[in-house]
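Visitor: Got a minute to walk me through this model? I'd like to start with the odd backbone spots and then see how the helices pack.

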Amino acid sequence: MSAPFSWIRPEPWGVHVVPADCWVDPGRAVDRALVTHGHADHARGGHGETIATPETLAIMALRYRTGIEEGSGEMPSKATPVAYGETIRLPGGVDATFVPAGHVLGSAQVLLEHAGERVVITGDYKRRADPTCAPFEVVACDIFITEATFGLPIFTHPPIEQEMAKLLAALRGNRDGCVLVGAYALGKAQRVIAELRAAGHQDPIYLHGAMEKMCRLYEEHGVPLGELRLVSDHTKEEMRGSIVVAPPSALNDRWSRRLPNAITAMASGWMRVRQRARQRNVELPLVISDHADWNELTATIEEVDPAETWITHGREEALLRWCELGQRRARALALVGREDEDE
């Protein structure tokens with residue numbers, strides 16, 4: 001009889017599901033990969049087979065050209081869609097079920113079951129309501145594998161309604177100019193736009209060209225974003241009194257000079273740290289994160305109540321200490337290639 005959980009093995013570049021010889025969010029190309037979501041530190045091209053939700057596969061096809069078919073002239077790869085709640089049987093008698101993670105469109109936790117043992121790999125996740133993706137679901141398991149991006153007690157994210165109110169107040173105070181919001185192109189940009197619509201802002205929103213395809217993909221998957229216009233198609237006069245969304249890298253480059261008197265804002269959980277805002281010359285920091293904050297991380301572990309918690313990346317030490325103080329078994333995996341925040 002094999003030792004408990006010997007079939008699941010953390011390696012520096014991902015979690016290896018040994019009987020199925022597949023990997024979860026591997027950092028390098030493998031024959032078979034289970035992918036939790038489309039951010040670059042979890043998803044990549046080049047796998048022989050990629051198994052993910054239909055939305056994540058669509059994002060990966062757009063960003064990494066996965067799912068290339070025979071005869072295309074490129075290295076072919078297979079894409080296997082798995083809907084939320086659907087269970088597939090992997091080689092070696094391992095069952096895999098994808099469960100919503102609440103992080104970005106299509107993001108999933110992966111429940112793995114083998115030999116009567118249950119392991120949940122969360123990828124990245126948050127507990128706040130988000131109009132652009134399905135909400136996180138608590139799944140009972142023996143081993144719970146969690147991130148810890150904001151795994152320090154100082155990180156408590158404010159209600160997003162509060163941050164939207166700050167953004168709209170800045171817009172009302174700058175009708176001769178605009179408010180330029182830096183937001184990561186996958187997930188954060190669409191969430192900011194959808195939350196603005198929920199707050200009653202129905203005016204056209206202007207986009208940097210790098211945002212357009214991902215926003216259209218979200219709309220194709222049933223996420224309404226209202227009227228969106230490309231900055232490149234309009235004049236300064238037309239953009240006065242408007243909100244503009246762009247990648248963080250565009251906030252202070254030459255591209256932003258085409259905008260009328262822009263107030264510079266940034267949507268990120270790291271805007272809680274004043275030094276981060278100053279480094280980016282951000283006038284209006286918006287504390288908006290697609291990751292669980294400290295209270296949500298610890299509350300989730302208590303709700304799941306696993307026999308053991310594994311921590312993949314982020315502020316592992318503080319969460320490990322919290323587990324120790326609560327008499328919970330935990331370990332840090334120190335996976336390589338995971339970013340502090342892919343927001």
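**Backbone oddities and helix packing**

Guide: Let's begin with Asp25, which counts as buried because its relative accessibility is 2%. Keep in mind that this is a predicted model.

Visitor: Where does Asp25 sit along the chain?

Guide: Asp25 is in the loop that links β3 (22–24) to β4 (32–34).

Visitor: And what is the phi of Asp25?

Guide: Positive, about 50 degrees, although Asp25 is not a glycine. For background, most residues other than glycine have a negative phi.

Visitor: OK, next one: is Asn261 buried or exposed?

Guide: Asn261 counts as exposed, because its relative accessibility is 53%. The cut-off for exposed is over 50%. Asn261 also has a positive phi, about 40 degrees, without being a glycine. Its place is the loop between β15 (242–246) and β16 (262–267).

Visitor: Let's switch to helices. Which residues of α7 are buried?

Guide: Helix α7 covers residues 294–304, and its buried residues are Trp294, Glu296, Leu297, Thr298, Thr300, Ile301 and Val304.

Visitor: What covers the buried residues of α7?

Guide: The cover includes β11 (143–148), β18 (308–314) and α8 (316–325).

Visitor: How about the ends of α7? Which residue caps the N-terminal end?

Guide: Asp293 does, with a side-chain oxygen 3.2 Å from the backbone nitrogen of Asn295. After the helix comes Asp305, and Asp305 has a positive phi, near 55 degrees.

Visitor: You listed α8 there. At what angle do α7 and α8 pack?

Guide: At about 40 degrees, and the axes of α7 and α8 are 12 Å apart. That angle is why α7 counts as oblique to α8. The crossing of α7 past α8 is right-handed.

Visitor: Which residues make the contact between the two?

Guide: From α7 you have Trp294, Leu297, Thr298, Ile301 and Glu302, and from α8 there are Ala318, Leu319, Trp322 and Cys323. By class, the contact of α7 with α8 has 7 nonpolar residues, 1 polar and 1 charged.

Visitor: Is there a simple reason for that sort of spacing in a helix?

Guide: In general, an α-helix has 3.6 residues a turn, so residues three or four places apart point the same way.

Visitor: Just before α7, what's going on at Asp290?

Guide: Asp290 is in the loop running from β17 (284–286) to α7. With 2% relative accessibility, Asp290 counts as buried. Its side chain makes a polar contact of 2.9 Å with the side chain of Arg191. Asp290 and Asp130 are 160 residues apart along the chain, yet their C-alpha atoms are separated by 8.8 Å.

Visitor: Arg191, which helix contact does that one join?

Guide: Arg191 is in α3, where Arg191, Val192, Glu195 and Leu196 meet Ile160, Met164, Leu167 and Leu168 of α2. That contact of α2 with α3 splits into 6 nonpolar, no polar and 2 charged residues.

Visitor: And the geometry of α2 and α3?

Guide: The axes of α2 (residues 160–172) and α3 (residues 188–198) come within 10 Å and cross at roughly 80 degrees. The two helices are therefore roughly perpendicular to each other.

Visitor: How do α1 and α4 cross?

Guide: For α1 (residues 54–64) and α4 (residues 212–220), the axes come within 11 Å and the crossing is at roughly 160 degrees. So α1 and α4 are roughly antiparallel to each other, and the crossing is right-handed. Ala58, Ile59, Leu62 and Arg63 of α1 meet Lys213, Met214 and Leu217 of α4. The classes there are 5 nonpolar, no polar and 2 charged.

Visitor: Time for strands. What does Thr50 touch?

Guide: Thr50 lies in β5 (residues 49–52) and counts as buried at 2% relative accessibility. Setting aside neighbours within four places in sequence, Thr50 is in contact with Ala33, Val35, Leu57, Met60, Lys78, Ala79 and Thr80.

Visitor: Last one: what's around Ile143?

Guide: Ile143 belongs to strand β11 and, at 2% relative accessibility, counts as buried. Not counting residues up to four places away in sequence, Ile143 touches Phe5, Arg118, Val119, Val120, Pro306, Glu308 and Trp310. Gly177 is another story: Ile143 and Gly177 are 34 residues apart in sequence and 52 Å apart in space, C-alpha to C-alpha.

Methods
Residues numbered from 1 in each chain as written. Predicted model: local features only at pLDDT ≥ 70, side-chain atom pairs only at ≥ 80, totals over all residues. Heavy atoms only, no water. Buried < 20%, exposed > 50% of the residue type's maximum accessible area, 1.4 Å probe, protein only. Helix = DSSP H or I, 4+ residues; strand = E, 2+ residues; numbered from the N terminus. Contact = heavy atoms within 4.5 Å. Polar contact = N/O pair within 3.5 Å; in protein donor to acceptor, adjacent residues only side chain to side chain. Axes fitted to C-alpha atoms, helices over the stretch in contact; angles between N-to-C directions. Parallel < 35°, antiparallel > 145°, perpendicular 65-115°, else oblique. Left-handed = near helix turned anticlockwise from the far one by under 90°. Nonpolar A, V, L, I, M, F, W, Y, C, P; charged D, E, K, R; others polar.
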